Every structure is written in C-alpha cells, then in structure tokens.
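Q: Please take a close look at how the strands pair in this model. I would like one connected account, which may then extend to individual residues that merit attention.

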Amino acid sequence: MMRLPLFELHAPKTALEAASILADYVAGEAMLLGGGTDLIPNMKRRQQTPKIVVSLRGVAELRKVSNGNGMVIGAGLTLTEIGADPRIREHYKGLYQAASQVATPHLRNMGTLGGNICLDTRCNYYDQSHEWRKAIGYCMKKDGATCWVAPSSDRCLAVSSTDTAPILIALGAKVTLVSKRNRGRIVPLVDLYQNDGIHYMTRRHDEVLTHVLLPALPGWKSVYWKLRRRGSFDFPVLSVAAAVKTRAGGIVEEARIVLGAVASRPMGAPEAAASLIGKSLMDDAVIAEAADRAFDNAKPMDNTDFVLHWRKRVVREFVTYALRELRGEDMRETRRKIGRQDLVALRTV
C-alpha cells in the first residue's frame with residue numbers, strides 16, 4: 001500500500017486567500033488541491049511532496065459559469081459538470097468531447113477543469129513507485145540527472161497528457177491567474193505552456209488559475225479525438241483538437257489544429273491549419289494535405305504507451321477523422337472502433 005506523506009491542509013474560502021498562502025512558501029513546498037486525482041497519486045509515489053496542501057474545494061468563485069461575449073468557466077467545475085453543460089455542448093462541442101473522455105466517470109466527478117489544464121507531465125520512467133524509480137537511479141524530472149527517454153537530452157521529455165488544453169487552445173481560450181501581487185492576470189492559454197517536461201507551465205508557483213475565458217465563436221465548429229490503450233480510464237497517447245470557421249459553400253475562413261501527447265506541451269500545427277484556408281473540407285485532397293502537414297509537425301518520444309513510430313503514423317488518420325467530422329460526416333462508428341481498440345479495422349474507415 002502506498003501511503004501519503006505527512007502534510008498540513010489549508011482550506012481557504014477565496015482564490016486570493018489561497019494565493020496568499022502559496023506566496024509564503026517556495027515552489028514545491030505548497031501546492032494546490034482541486035479534485036486531487038493528479039496530486040494525491042503523485043504524493044503517494046513521492047513524485048510531489050508538498051508540506052502544505054491548499055484545498056480549493058471551498059472556493060465558491062471557482063465553481064461559477066457566466067455568459068456574455070462567450071463564456072467564463074470557473075476552474076473548479078468538475079469535468080462531469082463541463083460535459084453536462086448544454087451551453088458547452090452546443091457552442092463548444094470539442095470541449096464537451098474532451099471533458100467527457102477524461103479517465104472514468106468516478107474520476108471526472110472529482111477532477112476539475114483547472115486541474116486538467118495544469119496536469120503534471122507524464123513518462124514511463126517517472127510515473128512509477130518511489131522504489132521503482134530509486135532502482136534506476138531516478139530520472140531528470142525527479143531526484144535524478146538523466147532523462148531515460150533520451151539520455152543525451154539536456155531537458156526532460158515527459159509528455160503533456162491533458163485532454164482539455166488542446167481543444168481550449170484550438171478554441172482561442174484565455175485563463176485568469178490570481179496572485180497576492182496581481183489580482184487578475186489574463187493569459188492566452190497557448191502561452192501557459194512551454195516544451196519542457198519539468199517546467200511545462202509559465203504559471204508562477206504563487207498563482208491560482210481561477211477561470212477559463214472562452215470567446216464567442218459564431219460560425220465555428222470544433223471536435224476532439226483521442227487515442228489510448230483502453231476505451232476509458234487511460235491518458236491520451238495522441239489527441240487531435242480541431243476548430244474551423246467556414247463561410248457559405250463550406251469554405252474555411254479560419255482554422256486551428258492542436259496535437260496533444262506528442263510533446264511536453266500541447267503542440268499547435270499551424271502549417272496544417274493554414275493549408276485549409278480558402279479551401280473546402282468537402283475535398284478529400286484538402287484534408288489529406290492538412291493531415292500530412294500535421295504528421296510532419298508531430299514528434300512523439302518513447303515516453304508513453306504504444307510504439308512511438310506508430311503513434312506518429314496515426315497522426316494522419318486522427319487529423320483526417322477530426323476534419324471529416326467537421327465537414328459533417330457521421331463518425332460515430334469510427335469512434336466506437338477506437339473505443340473498442342479495433343485498430344486494424346480503423347485502417348478501412
């Protein structure tokens with residue numbers, strides 16, 4: 001049995017109070033607890049050992065949703081609540097799909113949107129028990145000096161496994177960060193991440209992510225596709241988030257494609273998206289070109305499930321599925337085959 005290390009629990013009532021507690025400690029000594037589905041297992045494995053745990057469960061302002069020119073979503077809403085909101089289903093379908101595919105119903109009932117956005121990067125050499133990691137001399141991400149994914153690398157290559165961040169970036173989302181010295185710093189979500197398995201976020205240790213700001217997107221459609229070993233529970237080993245705005249005749253005016261689980265941050269595919277502009281998704285050649293460009297952009301490493309060369313190869317297929325769904329095809333049978341892991345059959349659809 002893996003037991004939690006000793007820690008002191010704080011339960012603030014406001015985001016500013018939580019940020020003030022964080023400000024009294026150096027990075028890593030105090031950490032935020034949303035639903036606990038990431039932090040608690042990490043603490044049991046001694047990947048993270050904060051002396052102070054700051055629970056956000058009692059911060060009411062993090063659980064509100066407001067409409068206006070878009071939506072403002074509290075970071076404390078659970079993934080189940082995100083997936084059940086009819087406004088999100090109607091206007092931000094890709095976010096609904098992403099939130100609904102995280103883990104299992106039990107974990108979605110606990111896990112929060114903010115927690116999934118801030119999800120720790122993952123790796124086969126890092127997400128192990130303390131004893132297992134000790135036996136190999138630890139790794140660069142925690143207690144060691146070598147990245148076992150690529151021993152000559154001077155940076156950690158742990159992979160970003162968040163489901164919601166890729167689609168939120170594709171939707172042009174921003175986030176609000178509250179700290180003791182800044183009561184409301186607004187940052188484009190794309191700028192919250194950097195391609196480093198250890199320092200994967202630009203959020204300061206004394207900041208609390210309080211809200212996600214989604215713009216109004218008239219004329220836009222979005223989708224999210226996820227590959228994983230099992231049909232539920234597992235983290236993505238590849239994800240594709242796509243959003244397009246079309247005009248009459250189905251001509252693409254704007255497009256964004258973001259790949260997940262291929263780097264230490266959600267990775268945009270701007271060349272793939274740009275190849276769609278001024279063209280129709282009804283043309284299979286247009287979709288094939290975008291899929292090829294996304295394939296060129298993807299550079300997965302051997303740090304998670306499945307063989308990395310195959311994970312790269314199926315980028316083409318998953319971008320194709322996403323764009324076919326965006327042009328109006330019924331892709332439910334393909335999704336069911338992915339859920340059943342009927343990956344051989346997928347080659348024919």
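A: Helices (H or I, at least four residues) and strands (E, at least two) are DSSP runs, numbered from the N terminus. The model is predicted: local features need pLDDT of at least 70 and side-chain atom pairs count only at pLDDT 80 or more, whereas totals for chains, interfaces and linings use all residues. Residues are numbered from 1 along each chain as its sequence is written, and side-chain values use heavy atoms, with hydrogens and water left out.

The part chosen for the close look is an open sheet of 5 strands, with antiparallel pairing and the order β4-β5-β8-β6-β7; two strands count as paired if DSSP finds at least two bridges between them. The edges of this sheet are β4 (65-68) and β7 (185-188); each has a single partner strand, so one side of each is left without a neighbour in the sheet. From one strand to the next, the twist averages 20°; axes here are lines fitted to C-alpha atoms, for helices over the stretch in contact, and angles run from 0 to 180 degrees between N-to-C directions.

The sheet may be followed from the β4 edge inwards. A hairpin leads from β4 to β5 through 1 residue. The two strands it joins, β4 and β5 (residues 70-74), are antiparallel and share 4 bridges. One residue pair of this contact is formed by Ser-66 and its bridge partner in β5, Val-72. On its other side in the strand order, β5 is followed by β8, and the antiparallel pairing of β5 with β8 extends over 5 bridges. Val-72 also takes part here, standing opposite Leu-213 in β8. Val-72 is thus linked to Ser-66 as well as to Leu-213. Strand β5 is mostly covered, with 4 of its 5 residues buried; buried means under 20% relative accessible area, exposed over 50%, and partly exposed in between (1.4 Å probe, protein chains only).

Beyond β8, the order continues with β6 and ends with β7. Helix α1 (residues 15-23) lies across β6 (174-178) and β8 (208-215), and this helix runs at about 130° to β8.

Strand β2 (residues 30-33) is not part of the order given above, but β2 contains Leu-32, whose surroundings reach back towards the start of β8. Leaving aside neighbours within four places in sequence, Leu-32 is in contact (heavy atoms within 4.5 Å) with Leu-22, Leu-39, Val-54, Leu-56, Arg-203, Glu-207 and Val-208. The C-alpha atoms of Leu-32 and Leu-209 are 9.9 Å apart in space, although 177 residues separate the two in sequence. Leu-32 counts as partly exposed because its relative accessibility is 22%.

A second sheet may be set beside the first. Its 4 strands form an open arrangement in the order β9-β10-β11-β12, with antiparallel pairing. β9 (220-227) and β12 (267-268) stand at the edges of this sheet, where each has a single partner strand, so one side of each is without a neighbour in the sheet. Within the order, β10 (residues 238-247) and β11 (residues 251-260) pair in the antiparallel sense over 9 bridges. Among the residues involved is Ala-241, whose bridge partner in β11 is Val-258.

Several loop residues complete the account. The loop between α8 (130-135) and α9 (164-170) holds Ser-161, and Tyr-138 is placed between α8 and α9 as well. Ser-161 counts as buried because its relative accessibility is 3%. Apart from neighbours within four places in sequence, the contacts of Ser-161 are Leu-119, Arg-122, Phe-235 and Pro-236. Tyr-138 is likewise buried, at a relative accessible area of 17%. The phi angle of Tyr-138 is near 60°, a positive value in a residue other than glycine. Arg-46 also has a positive phi, near 65°, and is a residue other than glycine. Arg-46 belongs to the loop between α2 (39-44) and β3 (52-55), where its relative accessible area of 27% makes it partly exposed. Phe-7, in the segment before β1 (8-10), is partly exposed, with a relative accessible area of 33%.

Key: Contact = heavy atoms within 4.5 Å.
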